[in-house]
Amino acid sequence: MARDAVQADPKHYTLEFENDRVRVLRIRFGPREKSVLHAHPAGLAILLSDCDFRFYLPQGHTQDILGKVGQVLEFTEPFEHLPENRSGKAFEAIIVELKD
């Protein structure tokens, strides 16, 4: 599995809170910014702004993610990706990662 998001890309991912059950990250991307390959455990994301992202996946596939402010996106399995903000606007979200 790829590296943890905060370790791999501290420019875009910051740790807001952590305990023995969850970890809460803040995500901030400028217009058309790209991250690096990293991993997330199961969890959910709360969009604080509209989103137009492309996820580059390790198997060579891509996945487009479109969302609206306030939307909750659930990811039930751990995954690796390299995200790109395809929008001309800044993006912000909160991720709640579940711990085993």
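In this predicted model, I46 finds its bridge partner in strand 9, where that partner is I94. The pair belongs to a longer arrangement, since strand 4, covering residues 43-47, runs antiparallel to strand 9 and is joined to it over five bridges. Strand 9, residues 91-98, also pairs in the antiparallel sense with strand 2, residues 22-29, and here the pairing extends over eight bridges. Within that second pairing, V22 has L98 of strand 9 as its bridge partner. In a regular strand the side chains alternate between the two faces of the sheet.

The contacts of I95 give a view of the surroundings of strand 9. Leaving aside residues up to four places away in sequence, I95 touches R23, V24, L25 and I27, and also H40, L44, A45 and F75. I95 is also one of the residues with the most contacts inside the largest nonpolar core, a group of 15 residues in which Y13, I27, F29, C51, F53 and F91 are likewise named for their contacts. Two or more residues of this core come from each of strand 2, strand 4, strand 5 and strand 9.

Where does N85 sit with respect to the strands? N85 is found in strand 8, and it counts as buried because its relative accessibility is 1%, where buried means under 20%. Its contacts beyond four places in sequence include F29, G30, P31, R32 and E33, together with D52, F53, A90 and F91. Of these neighbours, F29, F53 and F91 are among the residues with the most contacts inside the largest nonpolar core.

The structure also holds open space. Rolling a probe the size of a water molecule over the atoms shows where empty space is left. The largest pocket has a volume of about 360 Å³, and of the 21 residues that line it, F55, I65, L73, F79 and H81 are the closest to its centre. At least two lining residues are supplied by each of strand 2, strand 4, strand 5 (51-56), strand 6 (62-67), strand 7 (72-75), strand 8 (79-85) and strand 9. By residue class, the lining divides into 17 nonpolar residues, three polar and one charged.

Towards the beginning of the chain, D4 lies in the segment before helix 1, which covers residues 5-8. With a relative accessibility of 22%, D4 counts as partly exposed, because that value falls between the 20% and 50% limits. D4 touches R23, H38 and A39 when residues up to four places away in sequence are not counted. D4 and E97 are 93 residues apart in sequence, while their C-alpha atoms are 11 Å apart in space.

Notes. Residues are numbered from 1 along each chain as its sequence is written. This is a predicted model: local features need pLDDT of at least 70, side-chain atom pairs count only at pLDDT 80 or more; totals for chains, interfaces and linings use all residues. Side-chain values use heavy atoms; hydrogens and water are left out. Two strands pair if DSSP finds at least two bridges between them. Helices (H or I, at least four residues) and strands (E, at least two) are DSSP runs, numbered from the N terminus. On a 1 Å grid over the protein atoms alone, a cavity is a set of points where a 1.4 Å probe fits but cannot get out, and a pocket is an open set with protein on both sides within 12 Å along at least five of seven lines; lining residues have an atom within 4 Å of a point. Grid points are joined across faces, edges and corners, and a volume is the space filled by probe spheres set on the points. Ala, Val, Leu, Ile, Met, Phe, Trp, Tyr, Cys and Pro count as nonpolar, Asp, Glu, Lys and Arg as charged, and the others, Gly among them, as polar. A nonpolar core is a set of buried Ala, Val, Leu, Ile, Met, Phe, Trp, Tyr and Cys residues joined through side-chain atoms within 4.5 Å. Buried means under 20% relative accessible area, exposed over 50%, partly exposed in between (1.4 Å probe, protein chains only). Contact means heavy atoms within 4.5 Å.
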